[in-house]
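Q: I would like to learn how to read a structural model feature by feature. Could we take one topic after another, with the general idea before the case at hand?

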Amino acid sequence: MPLRLIGSNIALKFDPTLRFTHLSSSPISSITNYQMESEGLSFPLIHEHPMKPWNDLRKGDCCGRFVSVSDGYYCINCDFFVHKKCGDNLSEFIVHPSHPNHTLRIRSKKGFCICRLCGRETWNTFYRCKVCDFKVDLDCAKHPPPLVIENFKTHSHKLTFLKELTEFYCCAKCGKAGDGFTYKCEECDVAFHVDCVWHPTGELNYSPEVSHSYHSLHPLKLLTGPPPDYSDGKCRLCENEVDEELFYHCSSCNFTLDMRCVLNPPPQSLVDLNVHDHQITLLPRLFSFSCNACGLKGDRSPYMCVQCDFMIHQDCLGLPRVININRHDHRVSRTSVLGVVNSVCGVCRKKVDWTCGGFSCQRCPGYVVHSKCATREDVWNGKELEGVPEEEEDTEPYVVLDDNTIHHFSHEEHNLRRIHGNGVLYEDNKWCSACTHPIGLQSFYDCMDCDFSLHHKCAECPKKKWHVLHNEQLTLVTNKELRVFSCDACNRTSNGFMYKDGDKKLDVLCGSISEPFVHPSHPEHPLYYIPTGELCDGCSNIERRMLRCVEGDCEYVLGFKCATLPQVVKHRIDDHPLSLCYGEKKASGKYWCDICEERTYPNNWFYTCKDQRASLHTECVLGDFEGLMPRSVAKLWGESYEVELNNSVTRPFCSRCKSRCMYPIKLKLLGTSGTYACSYFCSS
């Protein structure tokens, strides 16, 4: 049935000053309407993709509300719907009457907003005050609530808008507690949510019954509140949870539709050769099936080709054809049948049903990925590459000149000569410019003309690579300016080389990790990146980014920081190099660190000496500034510091914590004779 705009019987008394003001500061902020593009309409302030005119009954992603007038704009790529009244005539900056002291700026990236006026939650576009973190959704920004409302249906007295944060219980139908701005009746001393008075759901002119093409037996009735107990609370067609504010339902058949599928249901049939060779038809019923595109189970409304016994989830219809994923160096392509028996997914490491569809690499026979795993937000960057030529990139970091000489891209002025480590003599007077650690016992490349060295492993780092922690390709940056950065994987501070893309920065130790990752603490099984939050087996700290063993019930996990700890280090505590010990699970008695003279816990990793009589905290051996190059200048906390080795006979006093600096690297404030910082703890 057609929708119409209702006439309101609420008498409104507006404050003449109660309106928002546009503030134009740039060409984009003065856009008050859409821009035409070939693919649709562009709204650069609220969405990154072109959108097309659209009618929909569902809540707007702009304000989190249902509205009586259903026209708006829709992005098919993101399933993003904006009401016309919210999307038209926007400014980047406004001055709002509810927050007149500061300017509000529009935020269009995904973020959480609880509107301070109406209390509604939105996850997309809203206005925010940078100073006070005051937020309002688009509808309240464009249509501020009036100061006074009279003749409100459920209350006979005048209601006054209070511009102050108040805790209250709403006396409207919702009966819920509130915390924010409110409408109050001074005569009765009762309060109401702004949204219950100014945008009441009951005023929406939706038809109480509709006849729908996917359920012709009975009309569907409009319901509010929780779905019936016998219902699963999901839309029969799209499987989304229905909104408790409004949905349509047939109690005779237990058939439920959310508001978006009432007006815009999926097509009854379609032909798409990228999906299937024949026409496929929607079956709007509840039954269990296996999707041929992803191999996962479904419980309702697939598209089906009876001729081929082919079934597919609705959300698998739009699977991309050719993509890059951050687990593999080559592109992967979608195929209708993987055909690789006894294979495992390159992302989740679980078994793949080879008779179903998925993604595979044409260059690497046997490399396959589940469709759902390949298109996860933390795996794929969202770019369809079908028809886009694949360019061969030069990722080699150096050119071989002879058996012992290379020309590395990070040191173009001179050639580097390979020095073979003998595993006995510890080189502690040279540092690798890439990872900033001492050369130690490893083989390395040394400049024949200046003080520049690279570990052999660090010299092998490719100029570009994909990494499990980022969806775009990372570029190796040599950081010749020695700018200090924090590694996003392990949180170490460094001024060495980094793998970088935009704001994502990884030091070369974490950036070099790829799957499968083999660590000497767990040589029997490789480790893979599985997003989780667990206790690291190295330090017993909870880490969000973990490398996990996926073999059986092993459950061995390492955080990136422990996974990249140096195996051998030199410290003034002992004449011999110290070795990393992976804990002693059956140890008894108390252990003590000879550096800080505090207790150590032998279940955690520690460094030990040649005779294994010492158990030294890893943080005491390495310190907070292990990633800073000695003899460089590091800018931290707004000041410049000289990075110095703490190897003098007498350890200096830290000017912050007033204790002697016990860590191997200390910072001296530039231009002073003795202002030191030895750790982050004492720098604050």
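Q: How far apart do the end C-alpha atoms of residues 47-92 lie, and how much of that span is helix or strand?
A: The end-to-end distance and the helix and strand shares are read together, and here, in what is a predicted model, the end C-alpha atoms of residues 47-92 are 13 Å apart, while the span is 28% strand and 9% helix. For residues 276-322 the end C-alpha atoms lie 16 Å apart, with 40% strand and 0% helix. Both spans appear in the UniProt record, an unreviewed entry, under "domain: Phorbol-ester/DAG-type", where residues 102-146, 218-269, 328-379 and 407-464 are listed as well.

Q: How many helices and strands does the protein have, and what does its C-alpha trace span along the principal axes?
A: These values describe the whole chain: the protein has nine helices and 59 strands, and its C-alpha trace spans about 90 × 70 × 55 Å along the principal axes. Of the contacts between residues at least 6 apart in sequence, 49% join residues at least 24 apart.

Q: What percentage of the residues is buried, and what supplies the exposed area?
A: Burial is counted by residue, whereas the exposed area is summed over atoms; buried residues account for 48% of the 684 residues, and of the roughly 34,800 Å² that the protein exposes, carbon and sulfur atoms supply 49%.

Q: Which residues have the most contacts inside the largest nonpolar core?
A: A nonpolar core is a set of buried residues joined through their side chains, and the largest one here has 59 residues, with Leu-454, Leu-547, Leu-558, Phe-560, Tyr-607, Leu-616 and Val-621 having the most contacts inside it. Leaving aside neighbours within four places in sequence, Leu-547 is in contact with ten residues' worth of surroundings that include Ile-513, Phe-517, Leu-527, Tyr-556, Leu-558 and Ala-563. A second, separate core has 42 residues, including Phe-43, Leu-45, Cys-75 and Ile-149.

Q: Why is Ser-269 classed as partly exposed rather than buried or exposed?
A: The class follows from the relative accessible area, with buried meaning under 20% and exposed over 50%; Ser-269 is partly exposed because its relative accessible area is 35%. Ser-269 lies in strand S22, residues 269-270, and, not counting residues up to four places away in sequence, Ser-269 touches Gln-279, Ile-280, Thr-281 and Tyr-303.

Q: What distance separates the C-alpha atoms of Ser-269 and Met-498?
A: Separation along the chain and separation in space are two readings of one pair: Ser-269 and Met-498 are 229 residues apart along the chain, and their C-alpha atoms are separated by 51 Å.

Key. Residues numbered from 1 in each chain as written. Predicted model: local features only at pLDDT ≥ 70, side-chain atom pairs only at ≥ 80, totals over all residues. Heavy atoms only, no water. Helix = DSSP H or I, 4+ residues; strand = E, 2+ residues; numbered from the N terminus. Buried < 20%, exposed > 50% of the residue type's maximum accessible area, 1.4 Å probe, protein only. Contact = heavy atoms within 4.5 Å. Areas by Shrake-Rupley, 256 points an atom, 1.4 Å probe, with all protein chains shown as cover. UniProt positions renumbered as here; feature names shortened; annotations may be inferred. Core = buried A, V, L, I, M, F, W, Y, C linked by side-chain atoms within 4.5 Å.
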